[in-house]
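Q: I'm new to reading protein models. Could you show me one and walk me through how to read its features?

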Amino acid sequence: MGAFTEWFNERAPGLGAVYKKHMTEYYAPKNFNVMYYFGSFALLVLVNQIVTGIFLTMFYTPTAAGAFDSVQYIMRDVNWGWLVRYMHTTGASMFFIVVYLHMFRGLMYGSFKKPRELVWLLGMLIFLVLMAEAFMGYVLPWGNMSFWGAKVIITLFSAVPWFGHTLVTWIMGTFVPGDPTLNRFFALHVVALPLVLLMLVVLHLGALHEVGSNNPDGIEIKQHKGHDGHPLDGIPFHPYYTLKDLAGVGVFLIICAVIIFFAPSVGGFFLEHDNSIPANDLVTPATIKPVWYFSPFYAILRMIPSKGLGVLALAASIVVLFLVPWLDRGRVKSIRYRGLAYKIALAIFAIVFFLLGCIGADLTPGWIVGIFGPNADITTIENLFGRILVILYFAFFAFVWVYTFFGFERTKPVPERVITHA
Amino acid sequence: MHDKTFRASVRILAAALLAMLVAFAAAPSALAEEGGYPNANVNVHDQGSLQRGARLFMNYCVGCHSLKYMRYSQMAEGLGLTEQQVMENLNFTGAKFGEPIISAMPEADAEKWLGKAPPDLSLEVSARGADWVAAYLKSFYLDPSTASGWNNTVFPNVAMPFPLWQLQGEQVPVMSPAEKGQPATIEELKLAHPGSMTPAQYDRAVRDLTAFLTFVSSPDELVRSRMGAWVVIYLVLFTLFALVLKKEYWKDVH
Amino acid sequence: MADDSINKGRRRFLTASTAAIGGAGLIITAIPFVETWLPSARAEAAGSPITVDIGKIEKGQMVRYGWRKQPIFVINRTPEQLQWLPKQDPRLRDPQSDASQQPEYCKNGHRSIKPEWMVLIGICTHLGCVPDYKKKVGPEPFDPDWKGGFYCPCHHSRYDMAARVYDGVPAPLNMVVPPYHFVDDTHIQIGVDPKGAA
């Protein structure tokens, strides 16, 4: 092994240096907690999606006439096809679970603050591309929800002033989602967006490594270096975090395996029932809803009575996340040392996001009937609560700005060195 | 102290998420919420049930309904039958062993005779849920106002005539007293003429037929859960080793 | 300050065992992916055996069938063609069909179950072209001593009436004989060995 390394380093010395810079001599804070697993989990899921995706592409037929049948061919005729497909669908949903938790970590510990604003922006771009990738992937099986979901989401673009309707026709390539739409979504989903995603992930990690990782105490570990020039509170990523992440990956894979092998559709959340019916432009499903991970944003769209404003609110709910590094003017990074009001606000935000998701996923009618009785006016009650939740969603960002810009926040003293427990 | 709160909240959250996951996975699917159909009690691991269900399907359903995504050979494998058993007892469509189960009824005629082509049922349980299918099969009743003379409380005005009336018998609706200005509604169904099966026997037959259709919707189910147990055992073993390895190296970190 | 010295042996053992378990898992995970490339149930069904009616095939005539996307030649050999078969042995590369592919029950002088019925996969063992059937016994431009057989136009390989390859041509092996059996005197099923065959 040593001889090979020597031979290699003589011929490509730069690569060895890259390995050192990003693994064995990348000093990460030693106080990472459970919230710090999700970045590496996301990378693992990305690899899973690419590998299983490539294999699915070997057997999938990207035409409106053949797509649905080809998915059944994969599930039944191709040896182990069902496993490859379920790994892909489970991976898609796990991707969003992991990414939402990863983003929440950022909000908790102020990982978006200077000097890491670029890391946050790149991450938000990844999130945006991921949503597009997932949306297009869901259209490919060409089930009835694929078709109607495509129709509804693409039609949103008609809200764009002046050329909205042309835009919609341009996206679809025809007048109702059909073959041209499917073919181009296939090309984008399989080739174009994965390449963009990979590039963004490389940039995201590159930007992070330039400035170094944040940590649950929000302290910059580079401020206290030892005689060897390394941060006193830092440890080399390899072997410490490679091994820790390996163990974490083990637990993560157990969860994924339980889903894949025992309940891959997760009661209709990961794989919707209406998609077992082939696309039919004459029959709309009883409830059109996107897959669960889009639910909070879908709820925001639905709760605004005007179509144009609804689309605007939907766009704003994502754009506002890009602005967080500039809305939050607090100097203290980590929630551990921030004012009580911020902790409460963030907790409320998380609950609001979850409840909006329940509305978007159409879970609320059952609850409303359960609480208010069978004669309840579901629409009015849902709209009332939903609109309050939408206001609270945006209020979080407004609150953060007011709270920090005008100096209302009372922070606790931030320690010099990170706090670890034995 | 913040650590303890944080760790406690993470544990509560993890437990809540896990509980939600288990609840969603184990509970009858969200479909049955609408109207709350009784649990069909389907067990796809009961080969006897699948075999009886297959025979019922071939005797009463395949005349009109195809299972175009299921091959006779795959059915044989899932039901634990030999090629000969399947070809002699379950193949009424004249297909070769490796070919899919396609109904003999030409689609053009089906539309002419019944008003609507009988749909393929390969994914019916996936689309509507086992509970719905079972409830549907038990809810036909005589209705002189329809073209076929039959109607169904689970699927009002369905075009399908009832093929299992010889087994279940014939049901008639019992109307609830009409309120002022409101049309009378069906309160329940009553067996007017008994069939060759008792209600308990028919219930079991419906359960078997639904089990068979559940198998047809996802044949991988038979293999999946068995394999899943081994995969989880392996992953637990791997995770334990990885954990011990991690702890060993982290002794360096203070 | 704790100063546990690093137990190198324990670390090596734990690293090796974790790597071994993980590696085994990766290999086992790769197996299903590799197996997706094996013929699917659809391919198996399409490649399932075919039964053909040979009742109308005249002496000397060849009929082509398709099985597993390959051309299957079925020939009703004439007595004259059969008579010359053993005499071709010295001119052949593999007269006993030792290196060539055929079912056990066809490893004989006429490479078939019944002498007059020849069943073979009509693909030249050189580079895969479909050879022509040259049934007439008599001099041919490519062989003045031609006793009937197959001639491949692509690179001029020649085979006798039992599809055995001649010496001095590019093809290395006799043409392949598929599994088959006689359902009755006028029907052959291609793709299935006779019951109880070796």
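A: Sure! Let's start with a single residue. This is a predicted model, and in it Ala313(A) has 19 other C-beta atoms within 10 Å, so Ala313(A) counts as partly exposed. The cut-off for buried is 20 or more.

Q: Where does Ala313(A) lie?

A: Ala313(A) lies in helix α12 of chain A, which covers residues 307-322.

Q: Which residues does Ala313(A) touch, leaving out those up to four places away in sequence?

A: Ala313(A) touches Ile300(A), Leu301(A), Ile304(A) and Val390(A). Take Ile300(A) as an example: 13 residues separate it from Ala313(A) in sequence, and the two C-alpha atoms are 6.8 Å apart in space.

Q: Let's turn that round. What does Ile300(A) touch, with the same neighbours left out?

A: Ile300(A) touches Ala313(A), Leu314(A), Ser317(A), Leu356(A), Val390(A) and Tyr393(A).

Q: How do I read a nonpolar core?

A: Here's the general idea: in soluble globular proteins, nonpolar side chains tend to be buried together. In this model, the largest nonpolar core has 94 residues. Those with the most contacts inside it are Phe41(A), Phe95(A), Val98(A), Ile300(A) and Leu356(A), so you've already met Ile300(A) and Leu356(A) as a touching pair. Helix α10 of chain A, residues 237-262, gives the most to this core, with 13 residues. There's also a second, separate core of 39 residues, which includes Ala54(B), Val125(B), Ala135(B) and Tyr202(B).

Q: How do I check the length of a helix?

A: You compare the span you'd expect with the distance between the end C-alpha atoms. Helix α5 of chain A, residues 81-109, has 29 residues, and at 1.5 Å a residue they should span 42 Å; the end C-alpha atoms are 42 Å apart, so the two agree.

Q: Is α5(A) mostly covered or mostly uncovered?

A: Mostly covered: 21 of the 29 residues of α5(A) are buried. Look just past the helix too, where Gly110(A) takes a positive phi of about 70°.

Q: What can I say about chain B as a whole?

A: Start with the parts list: chain B has 10 helices and 6 strands. Of its 254 residues, 31% count as buried. Then ask how far along the chain the contacts reach. Among contacts in chain B with a separation of 6 or more, 69% are between residues 24 or more positions apart.

Q: How do I read the place where two chains meet?

A: People often give the size of an interface as the accessible area lost when the parts come together. Here, let's go by residues. In the contact between chains A and B, 34 residues come from chain B and 32 residues from chain A. On the chain B side, α1 (2-26), α6 (124-128) and α10 (221-250) each supply at least two residues. The largest share there, 16 residues, comes from α10(B). Sorted by class, that side of chain B has 22 nonpolar, 7 polar and 5 charged residues.

Q: And how many residues does each chain give where chains C and B meet?

A: Chain C gives 14 residues and chain B gives 16 residues. On the side of chain C, the elements giving two or more residues are α1 (8-35) and α2 (41-46). α1(C) gives the most, with 9 residues. By class, this side of chain C has 4 nonpolar, 6 polar and 4 charged residues.

Q: How do I read a sheet?

A: Follow the order of the strands and their direction. One open sheet in chain C has 3 strands in the order β1-β9-β8, with antiparallel pairing. β1 (50-53) and β8 (180-184) of chain C stand at the edges with a single partner strand each, so one side of each is left without a neighbour in the sheet. Neighbouring strands are turned by 30° against each other on average, direction ignored. Zoom in and you'll find 4 bridges joining β8(C) to β9(C), residues 187-190. The bridge partner of Asp184(C) in β9(C) is His187(C).

Q: In what order do the strands of the β2-β3-β4 sheet pair up, and which stand at the edges?

A: The order is just as the name reads, β2-β3-β4 in chain C, an open sheet with antiparallel pairing. β2 (62-67) and β4 (117-121) of chain C are at the edges, each with a single partner strand, so one side of each has no neighbour in the sheet. The twist averages 20° from one strand to the next. β2(C) and β3(C), residues 70-76, pair over 6 bridges, and Gly66(C) stands opposite Pro71(C) in β3(C).

Note on methods
Residues numbered from 1 in each chain as written. Chains lettered and ligands numbered in written order. Predicted model: local features only at pLDDT ≥ 70, side-chain atom pairs only at ≥ 80, totals over all residues. Contact = placed C-beta atoms within 7 Å. Nonpolar A, V, L, I, M, F, W, Y, C, P; charged D, E, K, R; others polar. Core = buried A, V, L, I, M, F, W, Y, C linked by C-beta atoms within 7 Å. Buried ≥ 20, exposed ≤ 12 C-beta atoms within 10 Å, placed from the backbone. Expected span 1.5 Å × (residues − 1). Pairing = 2+ DSSP bridges. Axes fitted to C-alpha atoms, helices over the stretch in contact; angles between N-to-C directions.
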